[in-house]
Amino acid sequence: MEWQAICTFLDMLELGFYPNEYCFTAMIRACSNAKYSWIGEIIYGSVLKTGYFEADICVGCELIDMFAKSSGDLGSAYKVFEKMPERNLVTWTLMITRFAQLGCARDAIVMFLDMELSGYAPDRFTYSSVLSACTELGLLALGKQLHSRVICFGLALDVCVGCSLVNMYAKCAADGLVDDSRKAFDRMPAHNVMSWTTIVTAYVQSGECDKEAIELFCRMISSQIQPNQFSFSSVLKACGNLTDPCIGEQVYAYAVKLGLASVNCVGNSLISMYAKSRRMEDARKAFDILFEKNLVSYNAIVDGYTKNMKSEETFLLFNEIADTGIGINAFTFASLLSGAASIGAMGKGEQIHGRLLKEGFESNQCICNALISMYSRCGNIESAFQVFYQMEDRNVISWTSIITGFEKHGFAARALEMFRKMLETGTKPNEITFVAVLSACSHVGMISEGRKHFNSMYEVHGIVSRMEHYA
């Protein structure tokens, strides 16, 4: 349809007709994708030349949207915004929304403050976008202030704002609780599929409320609200977390009935559900019947094979991914390295290491951690240390992996030395770190130092000792 619009526009010019602001607006909208963005830039020049950019605010809004949607070029979008001689609430909200959606949450908040200083009163769409920006940055305190203002202006009952509040409280809760999310949801006077899906997803993402998520999904259906593909994806994840494929299969049957089973996010969640339930044959069937597989589909099945100790199938899929040309991300490489480690296949691990170097992932923290673990578990602790040494950005997993590696290979003194260096960098150890440290003390007979580290677990680091630490 976009190409037909563009051809019609060109035909109009050839016939001697001059476009007006409405025609330019429609044409720019047709160019708001990666394929035709170059035509949109030519139209931009024409708009400036003919004076319609200054004459009509809608033309400027469409140009902002075109740059943001077609290539994610927020720099050019913002330049258009700055050039606009006249701005209104829609213009400000559009720019804030695009910043929030395209990973520039801090810029979205700054723009929101600038908008208010310019004398514009935010509406429900503005608040929804800036609350999403707070969620992205984990700014719960600012989000609560905005919540108070939303209540004062009578916008808290709006579905769009309510969904943003539910999502913010779910993702920003430090303790993983969803109480505040549920309160925001329950205060909404009316619910639609978006609000139900948001609260179901919030319960799933909390990590401990999967049963409640399924109950909410059932309540949504009882309320005569038809689920969408995102609703099904979330509830299938809940079934996977509970390793309850029976309920999951009933949910999937309903998705089939509604014609949503072939949607990627539903199929990918079904693969993960079967994989978590150790039903890899069913997971593979779910993968094979997907009409259009994406990288998430491949990652789901690769991760399933890896965690179910089926490394040969993992490496076969690795070759298949390479043949499709889809591309491989950090998660794929991490799963493949875990598969190599699980069977002690250092040769395979080295091949994967070579491939990820070629793809430019050598500085990725997640992959480096997986490499340390792979080399360590395959018996090459020096290569593991080399990867660790070359890392620019280390986290607790990086330190714990190398400490555990040295401890497992009998280098207790080096393990304890690394632990001391870890504390010097200010990295906070976790319970797994202390398992390795206490085991290292045990191997070299350092009873007093082991007792000191054991006592520091709770007294200094606030870690409650478990059975593994006493052992």
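This report walks through two pockets and three helix pairs in a predicted model.

## The largest pocket

Let's start with the pockets. The largest pocket holds about 610 Å³ of space. Its lining is made of 20 residues, and Ser128, Ser132, Cys163, Ser164 and Asn167 are the ones closest to its centre. By class, the lining of the largest pocket comes out at twelve polar, six nonpolar and two charged residues.

Four helices each put at least two residues into that lining: helix 7 (89-101), helix 9 (124-137), helix 11 and helix 13 (193-205). Helix 9 gives the most, with six residues.

## Helix 9 against helix 11

Two of the helices that line the largest pocket, helix 9 and helix 11, also pack against each other. Their axes come within 9 Å and cross at roughly 10°. An angle under 35 degrees counts as roughly parallel, so helix 9 is roughly parallel to helix 11.

On the helix 9 side, the contact uses Arg124, Phe125, Ser128, Leu131, Ser132, Cys134 and Thr135. Helix 11 answers with Cys160, Val161, Ser164, Leu165, Asn167, Met168, Lys171 and Cys172. Sorted by class, this contact of helix 9 with helix 11 has eight nonpolar, five polar and two charged residues. Some names here should ring a bell: Ser128, Ser132, Ser164 and Asn167 belong to this contact and are also among the residues closest to the centre of the largest pocket.

## Helix 10 against helix 11

Helix 11 (residues 159-172) has another partner in helix 10 (residues 140-152), and here the packing angle is about 155°, with the axes 11 Å apart. Anything over 145 degrees counts as roughly antiparallel, which makes helix 10 roughly antiparallel to helix 11. The crossing of this pair is left-handed.

Helix 10 brings Leu140, Gly143, Lys144, His147 and Val150 to the contact, while helix 11 brings Val161, Leu165, Met168, Tyr169 and Cys172. That contact breaks down into seven nonpolar, two polar and one charged residues. Val161, Leu165, Met168 and Cys172 of helix 11 touch helix 10 and turn up in the contact with helix 9 too.

## The second largest pocket

Moving along the chain, the second largest pocket has a volume of about 420 Å³. It is lined by 17 residues, and those nearest its centre are Asn268, Ser272, Lys276, Ala300 and Asp303. Helix 15 (229-241), helix 17 (264-276) and helix 19 (295-307) are the elements that give two or more residues to this lining.

What is the class make-up of the lining of the second largest pocket? There are seven polar, five nonpolar and five charged residues in it.

## Helix 23 against helix 24

The last pair is helix 23 (residues 365-377) with helix 24 (residues 381-390); their axes come within 7 Å and cross at roughly 165°. Helix 23 and helix 24 are therefore roughly antiparallel to each other, and their crossing is left-handed.

From helix 23, the contact takes in Cys368, Leu371, Ile372, Tyr375 and Ser376. From helix 24, Ile381, Ser383, Ala384, Val387 and Phe388 take part. How many residues of each class make up the contact of helix 23 with helix 24? Eight are nonpolar, two are polar, and no charged residue is involved.

Key: Residues are numbered from 1 along each chain as its sequence is written. This is a predicted model: local features need pLDDT of at least 70, side-chain atom pairs count only at pLDDT 80 or more; totals for chains, interfaces and linings use all residues. Side-chain values use heavy atoms; hydrogens and water are left out. Axes are lines fitted to C-alpha atoms, for helices over the stretch in contact, and angles run from 0 to 180 degrees between N-to-C directions. Angles under 35 degrees count as roughly parallel, over 145 as roughly antiparallel, 65 to 115 as roughly perpendicular and the rest as oblique. A crossing is left-handed if the near helix is turned anticlockwise from the far one by less than a right angle, and right-handed if clockwise. Contact means heavy atoms within 4.5 Å. Ala, Val, Leu, Ile, Met, Phe, Trp, Tyr, Cys and Pro count as nonpolar, Asp, Glu, Lys and Arg as charged, and the others, Gly among them, as polar. On a 1 Å grid over the protein atoms alone, a cavity is a set of points where a 1.4 Å probe fits but cannot get out, and a pocket is an open set with protein on both sides within 12 Å along at least five of seven lines; lining residues have an atom within 4 Å of a point. Grid points are joined across faces, edges and corners, and a volume is the space filled by probe spheres set on the points.
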